[in-house]
Amino acid sequence: MQISSRFTIAIHMLTCMETFKDEYKVTSDFLADSINVNPVVIRRILSQLRDAGLVQVKRGTGGAAAAKPLKEITFLDVYRAVECIEDNTLFHFHENPNMECPVGKNIHNILDDKLVRVQEAMERELKAITLEEVMDDLKRILNKNR
């Protein structure tokens, strides 16, 4: 199982918005060019980020920007905005285990609490990282390459 690329695309988008906010109107076409994806993908993710209160989008060629300081936006905020997980559950359980089998009959009960612990650990780590850290790393790399 893999988290979709929507998450890393959203992080890339927010980083571009911050990096280029004073130089360009950061539009979906601008972001699509940086990320090398179709602008439709960008517009869909922009809508999700906007609905979550993470970005402000001005219609037309007005551009997009972070809605709050990057130190207040965590990876968990972005993850929750763009990943479509049902009922806040990261792991989807297979629907019809064989109830005649001792493993099939009990596997759900055996794994439930363990999978919740895994998801909680992942969310703790996502919550501990902010977009400000991403920008700091980018600035450090850019300064090093000068």
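Let me begin with Tyr-79, a residue that is buried, with a relative accessible area of 2%. Before going further I should say that what we have here is a predicted model, and I will keep to what can be computed from it.

Tyr-79 sits in helix α4, which covers residues 75-82, and that helix is mostly covered, since six of its eight residues are buried. The buried residues in α4 are Phe-75, Leu-76, Val-78, Tyr-79, Ala-81 and Val-82. What do the buried residues of α4 pack against? They pack against α1, against α3 at 39-51, against α5 at 102-127, and against α6 at 131-144.

Now to the aromatic rings, where a search of the whole structure turns up five aromatic pairs. One of them joins Phe-7 and Tyr-79, whose ring centres are 6.3 Å apart and whose planes stand at 75°, so this pair is edge-to-face. It is a link between distant parts of the chain, because Phe-7 belongs to helix α1, residues 6-20, whereas Tyr-79 belongs to α4, with the two positions 72 residues apart. Is Phe-7 buried or exposed? With a relative accessibility of 12%, Phe-7 counts as buried. Phe-7 and Tyr-79 also belong, together with Phe-75, to one aromatic cluster.

A further pair is made by Phe-20 and Phe-30, with ring centres 5.3 Å apart and planes at 75°, so here too the description is edge-to-face, the angle being over 60 degrees. This pair links Phe-20 in helix α1 with Phe-30 in helix α2, residues 28-35, and the two are ten residues apart. Phe-20 counts as partly exposed at 25% relative accessibility, and Phe-30 counts as partly exposed at 22%.

Both of these pairs bring us to helix α1, so let me stay with that helix for a moment. α1 has 15 residues and reaches 21 Å from its first C-alpha to its last, which is close to the 21 Å expected at 1.5 Å a residue. Its buried residues are Phe-7, Ile-9, Ala-10, Ile-11, Met-13, Leu-14, Thr-15, Cys-16 and Met-17.

Cys-16 takes me to the cysteines. How many disulfides are there? The count comes to zero, where a disulfide would need a pair of cysteine sulfur atoms within 2.5 Å. As for their surroundings, Cys-16 counts as buried at 6% relative accessibility, while Cys-101 counts as partly exposed at 27%.

Let me turn next to Asn-36, which is placed in the loop between α2 and α3. The phi angle of Asn-36 is near 65°, a positive value in a residue other than glycine. At 70% relative accessibility, Asn-36 counts as exposed.

The last residue I would like to show is Gln-56, which is found in strand β1, residues 55-58. Gln-56 also counts as exposed, with a relative accessibility of 51%. Which residues is Gln-56 in contact with, leaving aside its neighbours within four places in sequence? The contacts are with Gly-63, Ala-64, Ala-65 and Ala-67. In addition, the C-alpha atom of Gln-56 is separated by 6.2 Å from that of Ala-66, a residue ten places away along the chain.

To return to where I started, Tyr-79 is buried, and its ring is paired edge-to-face with that of Phe-7, as part of the cluster that also takes in Phe-75.

How values were computed
Residues are numbered from 1 along each chain as its sequence is written. This is a predicted model: local features need pLDDT of at least 70, side-chain atom pairs count only at pLDDT 80 or more; totals for chains, interfaces and linings use all residues. Side-chain values use heavy atoms; hydrogens and water are left out. Rings of Phe, Tyr and Trp (its six-membered ring) pair if their centres lie within 6.5 Å; planes under 30 degrees apart count as stacked, over 60 as edge-to-face and the rest as tilted. Helices (H or I, at least four residues) and strands (E, at least two) are DSSP runs, numbered from the N terminus. Buried means under 20% relative accessible area, exposed over 50%, partly exposed in between (1.4 Å probe, protein chains only). Contact means heavy atoms within 4.5 Å. The expected span of a helix is 1.5 Å times one less than its number of residues.
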